[in-house]
Amino acid sequence: MPDAIRRSRSETAGRILIYGTLVLFAVYFLVPLFVMVITSVKNMDEIRTGTLIALPQQPTLEPWLKAWGYATIGVTNEGIRGFFWNSIRMVIPAVLFSTLIGAVNGYVLSKWRFRGSDTFFAMLLLGCFIPFQVVLLPMARTLGFLGLSESIWGLVLVHTVYGLAFTTLFFRNYYVAVPSELVNAARIDGAGFFRIFWKIMLPVSTPIFMVTIIWQTTQIWNDFLFGVCFSTGETQPVTVALNNLVNTSSSVKEYNVDMAAAIIAALPTLFVYFVAGKYFVRGLTAGAVKG
Amino acid sequence: MASLVIDNVTKAFGRVQVLKGIDIAVDAGEFLVLVGPSGCGKSTLLNLIAGLESITTGEIRMGDRVVNNIPPKDRDIAMVFQSYALYPNMNVRRNLSFGLETRKVPRAEIENRIQRVAEILQIENLLERKPSQLSGGQRQRVAMGRAIAREPLIFLFDEPLSNLDAKLRVEMRTEIKKLHQRLGTTIVYVTHDQIEAMTLADRIAIMKDGIVQQFDTPDGVYANPANLFVAGFIGSPAMNFIPVSLSRENGHLVAPLVTADGRRFTVPVPADTGALAPEREIIMGIRPENITDFQEGMQSWAHIAALECGVNVVEPTGPDTLVYTEVNQTQIVCRLCPDAAPKAGDTIRLAFDTTKPLFFEPGTGNRIEG
């Protein structure tokens with residue numbers, strides 16, 4: 001009896017420790033967001049006179065409107081609106097292409113092995129570890145050669161190519177767990193390469209599509225390096241515009257506008273995560289553990 | 001329905017020779033079972049017949065058509081897989097129709113066939129369900145239904161019953177046999193279970209290490225095994241193998257047997273051939289049912305030898321009781337009538353049928369014909 005009591009007491013202590021730590025970390029991560037949100041709805045006077053974490057006395061949406069519509073970025077005064085749409089126009093095709101090609105790659109590398117396919121896969125995986133700085137110059141030459149320099153389609157191409165290593169890895173590991181007997185059954189039933197892909201493989205691929213789409217959307221949306229190197233002026237994605245907004249020299253540093261713009265730039269990835277997030281953890285582990 | 005000829009077929013994966021010259025021929029409508037321990041190459045051979053793997057050398061013919069280079073979809077075969085391989089995203093009806101749609105069978109004909117197959121297999125009420133909503137036995141039926149709906153020349157079964165529980169396996173075994181009698185289509189059936197092989201087959205190919213050890217009817221492989229491996233593989237409990245040293249007594253060649261407590265008796269050996277000669281060490285094979293309880297009147301039967309020995313273990317199975325004893329320092333099992341069953345530690349008188357032993361070379365395992 002005393003034994004049981006002692007154990008439950010030490011269990012309680014353990015729980016308090018675990019939850020205490022979790023709460024501490026949650027606060028640590030959430031405080032910056034909190035500061036960003038309250039700062040973005042304060043006016044400049046309040047920011048100058050109040051403390052960092054003081055709640056706004058007279059909340060205003062003016063900084064948000066300015067960040068979105070008429071803040072000065074580089075030489076224009078139209079806010080980040082246009083750049084936001086640039087990012088959308090870049091992300092959607094780049095995510096779609098890299099995901100679809102990755103799916104076909106994964107299908108081939110798991111179900112239609114050929115001589116040297118494992119070597120091919122290993123080499124492709126190296127792509128996950130190559131720092132993007134290494135490829136900047138060759139890529140710039142390639143884009144110039146293709147006539148895609150400083151265009152959104154150029155960025156789409158770059159992101160598609162450099163996303164393939166990851167998307168192929170995701171799909172290949174997912175499809176390895178799909179029984180090959182299914183593919184053989186369909187082959188005997190008379191289905192060919194693409195028919196098997198469309199009718200048999202794709203319908204069971206929802207979780208890994210979600211994972212890949214979230215991953216690629218986040219990666220491409222948040223990319224700064226390719227955006228700053230391969231685009232100028234009106235084709236820049238929102239990450240580059242945000243940087244320019246914050247760095248545009250003017251008489252006063254408008255922290256509230258900067259914060260609002262930063263939150264706007266982060267919203268789409270948050271949105272994607274909330275919509276499809278439940279698939280994320282499930283899909284990431286799907287290839288690793290059978291069942 | 002088509003005949004199937006496998007002519008000197010080999011298969012190598014890289015340097016590993018998996019099949020080493022397979023020769024099998026069955027007539028149209030026959031039920032062929034490929035049986036053997038895991039790794040013997042039986043599933044590889046089935047994949048070659050299906051066209052899922054390519055043949056290294058040799059030839060496979062269906063009817064009078066060489067199919068070596070014909071892709072699986074054009075071979076007019078249907079296959080039932082061990083895991084059933086039902087398309088998880090389609091309901092049963094779509095599973096049955098998928099192969100017909102890819103072959104552009106007219107819609108009305110597809111409906112007809114699905115209806116008929118569903119009746120044959122009693123799965124009419126499952127047609128709208130997804131595979132995940134079916135039990136193992138139901139999935140098995142749907143997998144067979146998918147093959148039947150195709151109306152192929154040859155059915156291929158890859159260990160179709162090994163994922164079912166014991167009772168269901170026996171039921172489905174009978175159903176497969178009935179189905180074969182009803183459809184009359186040529187079947188190639190792979191299993192590692194010798195009872196399935198015996199009960200289902202018209203002809204059995206017993207394989208080991210990529211070689212067909214024996215290709216014969218079920219009765220043939222049971223009564224006349226070609227070598228030690230076949231003799232030990234077919235039959236349950238397995239045949240007893242007793243090392244004996246032949247000798248000549250009263251002018252006859254005999255195999256002496258000595259029990260654990262030193263009693264000695266002899267089994268006459270049929271002929272004095274070169275292989276069966278005095279002083280030779282050979283292996284004598286005798287099935288458990290050929291050593292049984294000694295009954296009244298057997299003394300006068302010329303082919304029965306009496307054998308008194310101590311009982312080590314007794315295993316009742318219901319219809320028979322298995323009794324383990326020791327001869328020539330080898331454990332042997334005998335099949336007795338339950339009424340006559342002794343207890344462990346008893347000494348019992350057994351009737352040894354001296355017409356039944358088979359003899360094998362110890363080194364090669366080959367059968368020595370008398």
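Chain B and chain A bury about 1700 Å² between them, and carbon and sulfur atoms give 61% of that. Buried area here is the accessible area (1.4 Å probe) that two parts lose on being put together, summed over both. The biggest losers on the chain B side are Leu52(B), Tyr87(B) and Phe98(B), which together make up 27% of what that side buries.

A word on the model: it is predicted, so local features need pLDDT of at least 70, side-chain atom pairs count only at pLDDT 80 or more, and totals for chains, interfaces and linings use all residues. Residues are numbered from 1 along each chain as its sequence is written, chains are lettered from A and ligands numbered from 1 in the order in which they are written, and side-chain values use heavy atoms, with hydrogens and water left out.

Back to the two chains. In terms of contact (heavy atoms within 4.5 Å), 26 residues of chain B meet 15 residues of chain A. The rule finds one salt bridge across this interface, where a salt bridge is a side-chain nitrogen of Lys or Arg within 4 Å of a carboxyl oxygen of Asp or Glu. Asp189(A) and Arg150(B) pair up in a salt bridge through their side chains, at 3.4 Å from N to O. There are also nine residue pairs in polar contact between chain B and chain A, both residues at pLDDT 80 or more. A polar contact is a pair of N or O atoms within 3.5 Å; within protein, one must be able to donate a hydrogen and the other to accept it, and residues adjacent in sequence count only if both atoms are side-chain atoms.

On the side of chain B that touches chain A, β6 (77–80) and α2 (92–102) are the elements giving two or more residues. The largest share, five residues, comes from α2(B). Helices (H or I, at least four residues) and strands (E, at least two) are DSSP runs, numbered from the N terminus. By class, this side of chain B has 14 nonpolar, six polar and six charged residues. For these classes, Ala, Val, Leu, Ile, Met, Phe, Trp, Tyr, Cys and Pro count as nonpolar, Asp, Glu, Lys and Arg as charged, and the others, Gly among them, as polar.

Chain B also has an interface of its own. Its domain assignment gives domain 1 (4–233) and domain 2 (240–368), with bounds from an automatic or database domain assignment. The domain centres, taken over C-alpha atoms, are 39 Å apart. Ten residues of domain 1 of chain B are in contact with ten residues of domain 2 of chain B. These domains bury about 810 Å² between them, 54% of it on carbon and sulfur atoms. The rule finds zero salt bridges across the domain interface, but six residue pairs are in polar contact, both at pLDDT 80 or more. On the domain 1 side, α7 (218–223) and α8 (228–233) of chain B each supply at least two residues. That side divides into seven nonpolar, three polar and no charged residues.

A few backbone details in chain B round this out. Ser236(B) and Pro237(B) are joined by a cis peptide bond, with omega about -5 degrees. Pro237(B) sits in the loop between α8 and β11 (240–245) of chain B. Two non-glycine residues with positive phi are tabulated here; partly exposed means between buried (under 20% relative accessible area) and exposed (over 50%), with a 1.4 Å probe and protein chains only.

| Residue | Phi | Location in chain B | Relative accessible area |
|---|---|---|---|
| Asn8(B) | near 50 degrees | strand β1 (residues 4–13) | 44%, partly exposed |
| Asp209(B) | about 50 degrees | loop between β9 (203–208) and β10 (211–216) | 46%, partly exposed |
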